[in-house]
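This report describes a protein from its overall make-up down to single residues. Please keep the sequence and the structure in view while reading.

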Amino acid sequence: MKSQMQQRITAAVLAIVLCGIAAAYAQDAQPAPSAQVQKVLAPVESLINKNTYVVGYIDVKALDIDQSVANWKQLVTDMFAKIKADRQLANQLAEADVNLDAIRVEYFEAIDESVPQLKEMFSSLLETGLTGVYVLANSRTMAMAPVRIAATFDATGSPDNLLKMLESGFPPAFSGNLHIEKREDMLIFSTASPAAGLNMSNPSDSARLQRMFDAIKPEVNPAVIAGLERVKGAPVQVVFAPDSSIRGMVTLGLSMAPEPASKFGGKTLTDGIQWASAGLDPVKQIFALTIQSASPEAAQKLYDTVNETIDGTLGQIQADFGEDYAQSIRVYTEKLKAFIPQVRGDRLQLIINKQFLETQAESMAAVGSTLLPAIMAARGAATRMQCTNNIKQIGLALHYHHDSQRTFPPVMTADANGKPLHSWRVLLLPYLEQTALYEQIRLNEPWDSEYNKQFHNRVPSVYQCPDAKGDMTGMTSYSVVVGKECLFDEPNAKKTFAQIIDGTSNMIAIVERKTPVCWMDPTQEITFEKACEGINVSAGGLGSPHRGGMNVGLFDGSVHFLSDGIPASVLRALLTCAGGESIAIP
């Protein structure tokens, strides 16, 4: 009897314990992922655990480049039309010297130039059977390999197809110190961190990295699943789900950061972001962002801190530049706050679609009337800087040629009958890291022979100004000036530094030309007489797409910007090698 009682008591206690465990489990259990999320995670679930803090996914088959570009162009056109219809905004833009039509045309031209290459690469990828691309980051492996990229394939494709394409050099930018893991239906790329000192061509280093990856034990990450649920169905998905390691690093970094970044310290950021997910549909033109906070209070705190930081920055601007300037910035900043995710319970959410952009067209135009000139000026400065760097590289190549051959290259080579063969640009190729191209060109045949014509479109990027307009296929933006007064004069003539009597800091070596020509054409250099007419004066003379002047490289290796209004006497003096003038670069 006593034994039965003990058994009943034991059973009751055990039942209570089991019920307690079940209740606790039910309380912490997460809903099962939807079929769409399961489908996304299935190929890479073996690579994900609780320390995976970034999961990105691209549904390659769902992308449509042509339709995306067409829809985007239409949206931009509609928005610009709406802005122009507002007379007040149109006047503001006009006063700020902003030409919307010119911007739109230039923007569309840039898109049209890049789309064919993008489509070619995309088509090649599809031919391999590629279906999805994943980007994964794990806090436990980031010291040695910050990011892993996984490619998945359909039944018609295989990892070998993609490997063959990459090994052939397409796309050309795909290279580096890569660790490649090939599975039956997946290809995984990892780039070793420079700080790790690993060389993936070394089998022991590669094996070491693989052992680290193999140590990852698959584990359900509820934050990742929750984030993917918010953007399920989007062709492009990204989830950020920081674990304790990432939170610790962020907290430490913010504790040492100056204001306004330090405002996000403590629990503001760590409680404010449990996970964040973003989804993009390029065809439907929808971008959705969700930030999950620990509570409604944490969400509100994060939102308030963002706004306080913006206001604090404005306060500093006021202190530095005065109230009038700060007030003009404040007007536009308040309009931009529409792009800050809004609090929705314990989440912050932002959905940007065509309707949203159209309703914000006025705000964006108001901001643009102030910011566009600065943005365009900054972009102009950046491209002018790239042009400066191009000319500097060409100038250094002239020096390298002189060091190696004891002379500068002639303006062009010619055969025994005086027929032009090749330009100085071709002769400089080995000194511009273009030896492979140089060795393929037949120097004993004219530049436009049937054989050499195949190289006309293979112009090195260093020979093209990034600001150049129109179709620059095979064209160059840079020339030398030719004449008996100049260092470059006759075919096959080899000159040295000793013949620059006026000094290398007083003579122009490389100029920009107003009208581009084929980079291999040796017959189209700018004549001294044409150059002396001035900058941006005649089609066959000096000039550039840069506003107000052009870049020139001197024989001392320096690069300068000469304005359109440079005095003719100064320009002439800079082009001669033995004029005896004493001048200063304006």
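The secondary structure of this predicted model comprises 18 helices and 18 strands. The protein has 586 residues, of which 42% count as buried. Among the contacts between residues at least 6 apart in sequence, 68% join residues at least 24 apart.

## Two helices side by side

Helix α3 covers residues 65–85 and helix α5 covers residues 100–127. Their axes lie 11 Å apart and form an angle of about 175°. An angle over 145 degrees counts as roughly antiparallel, and α3 and α5 are therefore roughly antiparallel to each other. On the side of α3, the residues that make the contact include Ile-65, Val-69, Trp-72, Val-76, Phe-80 and Ile-83. On the side of α5, Leu-100, Ile-103, Tyr-107, Phe-108, Ile-111, Val-115, Leu-118 and Phe-122 are among the residues involved. Charged residues also take part, among them Asp-66 and Lys-73 of α3 and Arg-104 and Asp-112 of α5.

## Salt bridges

The structure holds 14 salt bridges. Three of them are listed below with the separation of their closest N and O atoms.

| Positive residue | Negative residue | N to O distance |
|---|---|---|
| Lys-469 | Glu-106 | 3.8 Å |
| Arg-442 | Glu-445 | 3.2 Å |
| Lys-453 | Glu-450 | 3.2 Å |

Which parts of the chain does the pair of Lys-469 and Glu-106 tie together? Lys-469 lies in the loop between α16 (435–440) and β13 (475–479), whereas Glu-106 lies in helix α5, so this pair links parts that are 363 residues apart in sequence. Lys-469 is exposed, with a relative accessible area of 52%, while Glu-106 is partly exposed at 30%.

In the second pair, both partners are partly exposed: Glu-445 has a relative accessibility of 22% and Arg-442 one of 39%. In the third pair, Lys-453 is partly exposed at 41%, and Glu-450 is exposed at 67%. Elsewhere, salt bridges with shared partners join Arg-148, Glu-181 and Arg-183 into one network.

## A buried charge without a salt bridge

Glu-512 belongs to strand β15, which spans residues 508–518. This residue is buried, yet it has no salt bridge. How far away is the nearest side chain of opposite charge? That side chain belongs to Arg-384 and is 7.7 Å away. A salt bridge requires the nitrogen and the carboxyl oxygen to be within 4 Å, and the distance of 7.7 Å therefore does not meet this cut-off. The side chain of Glu-512 does have a polar atom 2.7 Å from the backbone nitrogen of Asn-551.

## Two further buried residues

Ala-151 is located in strand β3 (residues 148–153). With a relative accessibility of 5%, Ala-151 counts as buried. Apart from its neighbours within four places in sequence, Ala-151 is in contact with Leu-130, Gly-132, Leu-162, Asp-185, Met-186 and Leu-187. One of these partners, Leu-162, is eleven residues away from Ala-151 along the chain, and the C-alpha atoms of the two residues are 8.9 Å apart.

Is Ser-293 buried or exposed? Ser-293 has a relative accessible area of 2% and is buried, although its place is in a loop, between β8 (286–292) and α11 (296–321). Leaving aside neighbours within four places in sequence, Ser-293 touches Asp-271, Gly-272, Gln-274, Ala-298, Ala-299, Asp-346 and Leu-348.

## Positive phi angles

Most residues other than glycine have a negative phi. Two residues of this protein can be set against that general rule.

Gln-285 is not a glycine, but its phi is positive, near 60°. Gln-285 is found in the loop between β7 (275–281) and β8 and is buried, with a relative accessible area of 14%.

Asn-492 likewise has a positive phi, of about 70°, without being a glycine. Its place is in the loop between β14 (481–482) and β15. At 38% relative accessibility, Asn-492 counts as partly exposed, whereas Gln-285 is buried.

Methods:
Residues numbered from 1 in each chain as written. Predicted model: local features only at pLDDT ≥ 70, side-chain atom pairs only at ≥ 80, totals over all residues. Heavy atoms only, no water. Helix = DSSP H or I, 4+ residues; strand = E, 2+ residues; numbered from the N terminus. Buried < 20%, exposed > 50% of the residue type's maximum accessible area, 1.4 Å probe, protein only. Polar contact = N/O pair within 3.5 Å; in protein donor to acceptor, adjacent residues only side chain to side chain. Axes fitted to C-alpha atoms, helices over the stretch in contact; angles between N-to-C directions. Parallel < 35°, antiparallel > 145°, perpendicular 65-115°, else oblique. Contact = heavy atoms within 4.5 Å.
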